[in-house]
Amino acid sequence: MTIFSAILDGKIPCHRVYEDDHVLAFLDVSPLSRGHTLVIPKERVATMGELSDDAAAAIGRVLPRLCRALVRATGCTDYNLLQNNGEAAHQAVMHVHIHIIPKYLDADGLGLQWNVGTLDEPEALAGTIAKAIE
Ligand code: AMP
C-alpha cells in the first residue's frame with residue numbers, strides 16, 4: 001500500500017489534472033517548479049520494469065498530451081521527464097510514476113549532476129542487453 005494507492009482509492013485527496021481508465025495525473029505536493037506533475041498508472045506496481053504492456057501503452061499515449069498541456073498552461077518552454085526506480089535511484093513512493101517538471105529560464109526545476117564515463121566494450125554490452133529483451 002503506497003500513498004498513491006490511497007490517492008487512487010480516494011482515501012486522500014490530490015490536485016488532479018487528468019484521469020482516464022488507466023492513468024491518473026496530479027500535481028506533485030512538493031513541486032520542484034510550478035506545474036510539476038506526476039503521471040501514474042492505475043496498475044499498482046513499483047517500477048517501470050514491472051508494468052504491463054497495456055498500462056505502459058496507456059501512459060505513453062497520454063504523456064505527450066500532458067506535456068503539451070503543461071507548456072500551454074505554465075508558459076514554460078522546456079521541461080524534464082524523470083522516472084525513478086528503486087531506492088538507490090531516489091524512488092520514494094513505490095508505485096511507478098513519471099514526473100513532468102517544467103524548467104523555467106530562472107532555473108527553477110530539476111537540477112542534474114551528469115557524471116559521464118566512457119563506453120566500455122559497447123558491442124558486447126549492447127548485444128547482451130539485446131539478448132535479455134523478452
Ligand atoms: P520519487 O522520489 O520519484 O518516488 O518521487 C515521489 C514524489 O511524490 C515526490 O516528488 C513527492 O513530492 C511526491 N508525493 C508524495 N506524496 C504525494 C502526495 N500525497 N501528493 C502528491 N505528490 C506526492
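A polar side-chain atom of N84 lies 2.9 Å from an oxygen atom of the ligand, and that makes a handy place to start. What you're looking at is a predicted model, where local features need pLDDT of at least 70, side-chain atom pairs count only at pLDDT 80 or more, and totals for chains, interfaces and linings use all residues. Residues are numbered from 1 along each chain as its sequence is written, and side-chain values use heavy atoms, with hydrogens and water left out.

**Around the ligand**

- Besides N84, H97 has a side-chain N or O atom 2.7 Å from an oxygen atom of the ligand; a polar contact here is a pair of N or O atoms within 3.5 Å.
- V93 joins in through its backbone, with an N or O atom 3.0 Å from a ligand oxygen.
- On its own the ligand has 510 Å² of accessible area, and the protein covers 82% of that (areas come from the Shrake-Rupley method with a 1.4 Å probe).
- The shell around the ligand holds 16 residues, and the closest are D28, H90, A92, H97 and H99; to be near, a residue needs a heavy atom within 4 Å.
- Helix α1 (3-8) and strand β2 each supply at least two residues of that shell, with α1 giving the most, at 3 residues.
- Helices (H or I, at least four residues) and strands (E, at least two) are DSSP runs, numbered from the N terminus.

**F26, in strand β2**

- You'll find F26 in strand β2, which spans residues 23-27.
- Is F26 buried or exposed? F26 is buried, because its relative accessible area is 3% (buried means under 20%, exposed over 50%, partly exposed in between, using a 1.4 Å probe and protein chains only).
- Setting aside neighbours within four places in sequence, F26 is in contact with a list of residues including F4, I7, V17, T37 and I40; contact means heavy atoms within 4.5 Å.
- One of those partners, I40, is 14 residues from F26 in sequence, and their C-alpha atoms are 8.6 Å apart in space.

**T37, in strand β3**

- T37 belongs to strand β3, residues 37-41.
- With a relative accessible area of 3%, T37 is buried too.
- A polar atom of the T37 side chain lies 2.7 Å from the backbone oxygen of G35.
- Not counting residues up to four places away in sequence, T37 touches several residues, among them V17, F26, D28, L70 and H99.
- D28 and H99 turn up again among the residues closest to the ligand.

Methods
A polar contact is a pair of N or O atoms within 3.5 Å; within protein, one must be able to donate a hydrogen and the other to accept it, and residues adjacent in sequence count only if both atoms are side-chain atoms.
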